[in-house]
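The following explanation introduces a protein structure to a reader who meets it here without prior acquaintance. Please keep the sequence and the three-dimensional view at hand while reading.

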Amino acid sequence: MDGNRLTIKGAVGELRWGYSPAASLSSWAIATDSAGVMRLTATVIQQDAFRASQRPLTFVVPRPTGAWTWTIHSLQIAGSTLVASINPQE
Amino acid sequence: MSRCRFVQPESVRLPLSDGDYLDVKRELTAGEQRGVFTDLIKTMHAGEAAELDPKLVGTTKIVAYVLAWSLTDAAGQPVPFSEAALNNLTPEDFAEIAKAIDDHEAAVEKARAARKNVQAGETASSLTSPSVAG
């Protein structure tokens with residue numbers, strides 16, 4: 001927590017294009033910035049460059065009874081660092 | 001505008017008996033298609049026929065296609081799709097799933113062939129010069 005800002009962190013996540021895995025992610029964190037935008041940061045373990053260049057993409061965190069899913073709005077991958085703005089999937 | 005040659009990751013729901021269903025990929029990518037065959041190969045030497053693993057015949061295609069299913073265990077709990085779960089089905093239920101996938105693949109292939117015929121017809125007609133009345 002940073003003031004009133006909530007940060008969610010996790011060890012394992014995935015970037016997906018439809019059902020197709022576009023990147024395996026680790027050490028991810030989601031935080032809301034001062035403008036209310038949810039930002040995802042993560043380490044890229046492995047990626048399929050073609051799929052990662054397609055849209056729409058989602059960020060998926062596997063859970064014991066399903067998954068948490070966010071829609072990716074903008075995405076930057078530089079080396080092994082991923083930064084994205086996201087929204088909860090409706 | 002040229003056509004998109006890349007497989008779009010779309011899924012299709014295939015009904016099974018007793019209200020169950022499979023969620024499957026509409027079509028496989030070239031890489032996935034190759035994987036269906038190469039995952040079957042036990043040994044392969046240059047100039048010789050590949051030796052296939054009979055245990056995997058029928059399984060690799062299902063694993064390539066299926067994204068999820070509605071199957072539950074004896075306690076009514078959902079069982080996530082996996083190769084291990086597939087191998088624990090009754091032979092009849094495995095056969096039902098294999099047939100559903102084969103039928104789906106055949107239907108997609110038929111639709112693709114029909115689309116190709118239409119495109120080929122369009123190309124042929126666009127290459128034909130209009131006749132000039134003399």
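The paragraphs below treat the sheet of chain A, then that of chain B, and finally the interface between the two chains.

The structure is a predicted model, and chain A is a suitable place to begin. In chain A, six strands form a closed barrel in the order β1-β2-β3-β6-β5-β4, with antiparallel pairing. Neighbouring strands of this barrel are turned against each other by 45° on average, if direction is ignored. As a general matter, the strands of a sheet pair through backbone hydrogen bonds, in either a parallel or an antiparallel manner.

The pairing can be followed strand by strand. Strand β1 of chain A, residues 7-17, is joined to β2(A) by ten bridges, and the two run antiparallel. Within this pair, Leu15(A) has Ala23(A) of β2(A) as its bridge partner. The hairpin of β1(A) and β2(A) has two residues between the strands, and Gly18(A) adopts a positive phi near 60° there.

Strand β2 of chain A, residues 20-32, also runs antiparallel to strand β3 of chain A, residues 38-47, and eight bridges join them. Two partnerships may be located along this pair: Ile30(A) is bridged to Leu40(A) in β3(A), while Ala31(A) has Arg39(A) as its partner in β3(A). In general, the side chains of a regular strand alternate between the two faces of the sheet. The hairpin formed by β2(A) and β3(A) has five residues between the strands, and Gly36(A), which lies in the turn, has a positive phi of about 85°.

Chain B presents another arrangement. Here three strands make up an open sheet in the order β1-β2-β5, with antiparallel pairing. Its edge strands are β1 of chain B (11-15) and β5 of chain B (66-69), each of which pairs on one side only. From one strand to the next, the twist of this sheet averages 25°.

How many bridges join β1(B) to β2(B)? There are five, and the two strands run antiparallel. Val12(B) finds its bridge partner in β2(B), namely Val24(B). The hairpin of β1(B) and β2(B) has five residues between the strands, and Asp18(B) takes a positive phi near 60° in this hairpin. Strand β2 of chain B, residues 21-25, also pairs with β5(B) in the antiparallel sense, over three bridges. Opposite Leu22(B) stands Trp69(B) of β5(B).

It remains to consider where the two chains meet. Six residues of chain A are in contact with ten residues of chain B. Between them, the chains bury about 620 Å², of which 71% is on carbon and sulfur atoms. On the side of chain A, Trp17(A), Tyr19(A) and Phe50(A) lose the most area to chain B, and together they account for 84% of what that side buries. The residues of chain A that touch chain B comprise three nonpolar, two polar and one charged.

Which polar links does the interface contain? Across the interface of chain A and chain B, the rule finds zero salt bridges. For residue pairs in polar contact, with both residues at pLDDT 80 or more, the number found across this interface is likewise zero.

Technical notes:
Residues numbered from 1 in each chain as written. Chains lettered and ligands numbered in written order. Predicted model: local features only at pLDDT ≥ 70, side-chain atom pairs only at ≥ 80, totals over all residues. Heavy atoms only, no water. Contact = heavy atoms within 4.5 Å. Buried area = accessible area lost by both parts, 1.4 Å probe. Salt bridge = Lys/Arg side-chain N within 4 Å of Asp/Glu carboxyl O. Polar contact = N/O pair within 3.5 Å; in protein donor to acceptor, adjacent residues only side chain to side chain. Nonpolar A, V, L, I, M, F, W, Y, C, P; charged D, E, K, R; others polar. Pairing = 2+ DSSP bridges. Helix = DSSP H or I, 4+ residues; strand = E, 2+ residues; numbered from the N terminus. Axes fitted to C-alpha atoms, helices over the stretch in contact; angles between N-to-C directions.
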